[in-house]
Amino acid sequence: MRYEIKGGSFPVVICQLQDGESMITEKGSMVWMSPNMAMETQGGGLGKMFSKAFSGESMFHNVYTAQGDGMIAFGSSFPGKILAVEVGSGRELILQKSAFLASQPTVELSIAFNKKLGVGFFGGEGFIMQRLSGYGMAFVEIDGDLVEYDLAPGQQLVVDTGNVAGFESTVTMDIRQVPGLKNKLMGGEGLFNTYLTGPGKIWLQTMPIISMAAALSGLLPKGN
């Protein structure tokens, strides 16, 4: 499989497949394809379907298989970027809910719970996330622009939770209260921050869809 990412604010990833190669998407993100791509909708067992629904994904996925050399393109659903990541042995990825766009069928998508209590109650997107395991190429949606950091062992970065797009599974995530009552009530930054601790790579997004929705809601006329 060869791929190319094109576009600006609404990018697409165009995948060139050889005969018999397949791609999987969870949420109907196919935007165009050659006519020799065969589609099959699959579930994957009741337990797996339930975990997908709980993590914000569709309970079903679409498998597109090339009948001869073919082409298929997947598009983002929100202004931003498409990140290409390679999953492999020793390199599992944890993503924000609904970030998965498409992948080769050898990549396994599952639910990822953060076991720390603070993250569970206050982490928002940090509580229920997506895990990519197995091996192969996967494509991830990023809201806004993408910023990457490679954290050394023990190195930390404090991030607003919604700006966490994903990280390698070697990175640990925790939620801590903003210190000081005045800061909590008048700072305008919320009550909690996300702490990411290395080692491992992290991916941050500059405009989470939830922040965009909040900004737009403040501009909409209020009903009587």
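Strand β13 is a good place to start: 8 of its 8 residues are buried, so the strand counts as mostly covered. Please keep in mind that this is a predicted model. From β13 we can follow the strands beside it, the aromatic pairs and the nonpolar cores.

**Neighbours of β13**

- Strand β8, which spans residues 80-87, runs antiparallel to β13 and is joined to it by 8 bridges.
- Within this pairing, G80 is the residue that stands opposite D143 of β13.
- Strand β10, made of residues 100-103, is also antiparallel to β13, and 3 bridges join the two.
- Here A102 sits opposite F139 of β13.
- As background for reading these strands, side chains in a regular strand alternate between the two faces of the sheet.

**Aromatic pairs**

- How many aromatic pairs does the structure hold? There are 2.
- One of them joins Y3 and F139 edge-to-face, with 5.1 Å from centre to centre and 70° between the planes.
- Y3 belongs to strand β1 (residues 2-6) and F139 to strand β13 (residues 136-143), so this pair ties together parts of the chain that are 136 residues apart in sequence.
- Is Y3 buried, partly exposed or exposed? Its relative accessibility is 38%, so Y3 counts as partly exposed.
- F139, in turn, has a relative accessibility of 0% and therefore counts as buried.
- Y64 and F74 also form an edge-to-face pair, with centres 6.3 Å apart and 70° between the planes.
- This pair links strand β6 (residues 61-66), which holds Y64, with strand β7 (residues 70-75), which holds F74; the two residues are 10 apart in the chain.
- Both Y64 and F74 are buried.

**Nonpolar cores**

- The largest nonpolar core has 15 residues, and those touching the most other members are L83, V85, L93, L132, V140 and W203.
- Which elements give two or more residues to this core? They are β8, β9 (93-95), β11 (107-113) and β13.
- Leaving aside residues up to four places away in sequence, L83 touches A138, F139, V140, I142, L146, E148 and W203.
- A second core, separate from the largest one, has 14 residues, among them I94, V171, F192 and L196.

**Putting F139 in context**

- F139 brings several of these threads together: this buried residue pairs with the ring of Y3, stands opposite A102 and is among the residues that L83 touches.

Definitions and conventions
Residues numbered from 1 in each chain as written. Predicted model: local features only at pLDDT ≥ 70, side-chain atom pairs only at ≥ 80, totals over all residues. Heavy atoms only, no water. Phe/Tyr/Trp six-rings, centres within 6.5 Å; stacked < 30°, edge-to-face > 60°. Helix = DSSP H or I, 4+ residues; strand = E, 2+ residues; numbered from the N terminus. Buried < 20%, exposed > 50% of the residue type's maximum accessible area, 1.4 Å probe, protein only. Pairing = 2+ DSSP bridges. Core = buried A, V, L, I, M, F, W, Y, C linked by side-chain atoms within 4.5 Å. Contact = heavy atoms within 4.5 Å.
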